[in-house]
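Reader: Could you take a close look at one part of this model for me, a helix and what comes right after it? I'd be glad if you then carried the same way of looking over to the rest.

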Amino acid sequence: MNFKHIGKYLIAGAIIIIYMLCIIKLGSNKYDIKNVFPFYNIDSGWTVTENGESREIESLFKASIGLVNKHDSVTITTTIPDVSEIVSPCISFKTILSTADVYLDGELIYSYGHNTEDKGLMVNKSYHYVPLSSSDSGKTISIVITGTENSAFSSFSNVYVGNISDVYNKYIQVHKIPFIIGFFLCIFALVLLVLSTYLISSSHKDYSIIFSSIISFLLGAYILGYNDVIILISDRLRLGTVLEYITLLYMPAAIIGFIITDNIGFNTVVTRFFLAVNVILPTIFLILHYTNICHICNFVSIFHLLAMIEGFASLCQFILVIIRKKKDKKKQINIENRSFIHSYSGDVLAIGLMIFIATATYEILIFNYQKYFSPTGDRFSVSVLTIGAIIFVMSLFLNFFFHNIDHYNSKALFSKLENIAYTDELTSLANRALSEKVLENLEKTNANYAIISIDLDQLKLINDNYGHTCGDRYISNFARIIDEVFINSTISARIGGDEFLIALKDADEWECSSLLSKFETALIKESEASDEFTYKASYGFAIHKSKDKNIGSHEVYMLADKRMYDMKQEHHLNYDKEGEIENA
């Protein structure tokens with residue numbers, strides 16, 4: 001690895017570090033809004049009632065209630081603290097896949113989710129703001145939470161008492177970093193989508209940018225949905241809940257689609273199979289959900305298992321791709337189709353994707369452990385996954401940035417290589433290889449075209465008498481005349497030592513004759529101006545018309561070459577006669 005590529009990695013690392021520092025700065029307490037009124041996070045002093053049995057707990061955060069399934073109810077009871085100095089006091093908490101009933105001194109004052117459950121719909125997660133009165137201090141409040149799905153929840157949320165605006169601000173401050181990152185990713189997705197319209201329409205044909213946009217949006221929307229940002233800033237509870245599941249389920253398909261189209265060595269049968277599975281299964285889950293056969297939340301465990309398998313398979317494939325790259329460190333270039341394998345621009349992406357897979361795997365393991373096995377239940381934050389997501393999306397951007405740099409560098413390199421591969425070194429005209437490609441393309445289009453075969457006379461005589469250096473100068477000057485006369489030709493090529501080929505698209509006999517007449521005139525003028533050479537040539541042309549579908553470009557060239565040969569024979573006879581006259 002040279003210093004140029006080390007510099008790329010340093011730039012990538014610097015951009016990610018700067019962005020993370022900005023996130024940390026914005027997420028610090030410096031920008032928090034201070035509470036106007038007394039504020040309580042009630043964690044102690046609760047009594048929990050399950051299955052008719054009550055017990056006092058030291059901490060709501062550490063309360064062990066086990067896994068709450070469908071129709072299981074848990075009641076928590078405490079005494080309301082002093083709210084006499086609070087304007088518009090409320091008690092607030094969060095529920096997931098559950099109904100909620102709040103009782104004040106035994107009287108029902110709030111209820112949520114029963115109508116939705118009666119309709120057979122999935123009860124959305126929600127933040128509840130239950131109004132209190134300034135005179136409610138010291139009263140007993142009971143919150144009854146009933147699961148509406150199997151494995152609905154296994155822990156309690158924080159319970160706040162305070163001014164309703166202070167409580168709302170508290171939730172916003174807690175979710176500030178997910179808010180910033182989620183909206184950044186969604187905006188970044190829009191930028192990538194705009195860029196994709198250019199890249200797809202250009203010669204680059206980079207379809208991976210679309211998947212980059214989709215991934216960025218899905219990650220951003222998932223972070224906003226999972227961290228409750230959507231339901232906090234709007235009243236669209238169903239949107240916030242369902243969006244969390246939809247983005248989660250379709251995220252693997254977007255990632256697999258990206259690594260297939262980005263040509264980093266993952267376009268395999270196994271990868272395409274995983275892509276099909278990750279498109280079909282979520283679609284089936286959504287159909288089952290919206291037909292109320294089975295709610296989408298019940299498929300999370302299946303998704304986690306599939307994601308773990310795919311994550312392990314992807315990491316194994318990455319290792320194999322890296323090993324294969326190390327064995328072939330040279331950049332491979334295919335001149336025929338202009339495809340390039342970039343050894344370094346994809347490395348940043350590979351690292352970012354591996355970090356994201358690792359963080360996602362960690363989150364899945366911790367989530368399931370806390371929900372099903374931990375005594376404190378599913379009190380869970382996606383902070384690690386959020387960090388992995390932002391690193392991955394930044395790696396997408398850096399991959400796109402470096403990929404385009406490599407693309408334009410490769411494009412310049414391709415032009416140089418193409419010039420070497422398809423240009424005659426002596427004359428700077430096209431060579432035989434390019435002329436064959438052009439004739440092949442003309443044959444495919446079945447267009448009207450003309451082919452002129454030209455042979456430089458007396459080259460052998462000059463080479464034998466004056467040497468090949470003089471002969472090369474003779475050829476070079478002759479080629480310059482061809483290039484000047486046939487400037488609008490489809491191709492002007494040197495296909496042999498003294499053999500030249502001209503192809504003219506949409507040319508007829510009159511145009512060919514006119515050009516050859518100019519060519520003859522140019523040869524005479526060049527001969528008169530030269531003290532060294534007399535330029536003479538033999539030529540012949542043939543016309544192909546679009547109606548001649550059974551005649552290929554090779555046959556047209558052979559006819560032109562035959563006519564050139566006939567003229568050359570005449571010239572030889574004239575040269576012989578001139579020699580006899582000189583010797584007489």
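Author: Right after helix α5 comes Asp228, whose phi is positive, near 70°. Helices here are DSSP runs of H or I with at least four residues, and strands are runs of E with at least two, numbered from the N terminus. This is a predicted model in which residues are numbered from 1 along each chain as its sequence is written, and side-chain values rest on heavy atoms, without hydrogens or water. Local features need pLDDT of at least 70 and side-chain atom pairs count only at pLDDT 80 or more, while totals for chains, interfaces and linings use all residues.

The helix itself covers residues 208-226. Its 19 residues should span 27 Å at 1.5 Å a residue, and the C-alpha atoms at its two ends are 26 Å apart, which agrees. (The expected span is 1.5 Å times one less than the number of residues.) Most of α5 is covered, with 15 of its 19 residues buried. Buried means under 20% relative accessible area, exposed over 50%, and partly exposed in between, for a 1.4 Å probe and protein chains only.

Why does a positive phi catch the eye? Most residues other than glycine have a negative phi. Asp228 has company, though. Gln458 has a phi near 65°, again a positive value in a residue other than glycine. Gln458 belongs to the loop that leads from β13 (449-456) to α13 (459-466), and with 29% relative accessibility it counts as partly exposed. Asp506 has a positive phi near 60°. You will find Asp506 in the loop between β15 (499-505) and α15 (509-529), where its relative accessible area of 55% makes it exposed.

Two further cases sit in hairpins. Asn51 takes a positive phi near 50° in the hairpin of β2 and β3, which has 2 residues between the strands. In the hairpin of β6 and β7, also with 2 residues between the strands, the turn residue Asp105 has a positive phi of about 50°.

Those hairpins lead us to the sheet. An open sheet of 6 strands runs in the order β3-β2-β4-β9-β6-β7, with antiparallel pairing. The edges are β3 (53-57) and β7 (107-112); each has a single partner strand, so one side of each is left without a neighbour in the sheet. Two strands count as paired if DSSP finds at least two bridges between them.

At one edge, β2 (residues 46-50) and β3 run antiparallel and are joined by 5 bridges. Thr47 has Glu56 of β3 as its bridge partner. Towards the other edge, β6 and β7 pair antiparallel over 5 bridges, and Leu104 stands opposite Glu107 of β7. The other pairing of β6 (residues 98-104) is with β9 (residues 140-147), antiparallel over 7 bridges. Leu104 takes part there too, with Ile141 of β9 as its bridge partner.

Past β9 comes a loop that reaches to β10 (160-163), and Ser154 lies in it. Ser154 is buried, at 2% relative accessibility. Its C-alpha is 8.4 Å from that of Gln370, although the two residues are 216 apart in sequence. Set against this is Lys549, in the loop between β16 (537-544) and α16 (553-583). With 66% relative accessibility, Lys549 counts as exposed. Lys549 and Lys444 are 105 residues apart in sequence, with 10.0 Å from C-alpha to C-alpha.

Finally, the inner space. The whole structure holds 2 cavities of 30 Å³ or more. A cavity is a set of points on a 1 Å grid over the protein atoms alone where a 1.4 Å probe fits but cannot get out, and lining residues have an atom within 4 Å of a point. Points are joined across faces, edges and corners, and volume is the space filled by probe spheres set on them. The largest cavity encloses about 50 Å³. Its lining consists of Leu249, Asn278, Leu281, Pro282, Phe285, Ile302, Phe303 and Leu306. The elements that give two or more residues to this lining are α8 (269-290) and α9 (300-327), and α8 has the largest share, with 4 residues. By type, the lining has 7 nonpolar residues, 1 polar and no charged. (Ala, Val, Leu, Ile, Met, Phe, Trp, Tyr, Cys and Pro count as nonpolar, Asp, Glu, Lys and Arg as charged, and the others, Gly among them, as polar.)

Terms used: On a 1 Å grid over the protein atoms alone, a cavity is a set of points where a 1.4 Å probe fits but cannot get out, and a pocket is an open set with protein on both sides within 12 Å along at least five of seven lines; lining residues have an atom within 4 Å of a point.
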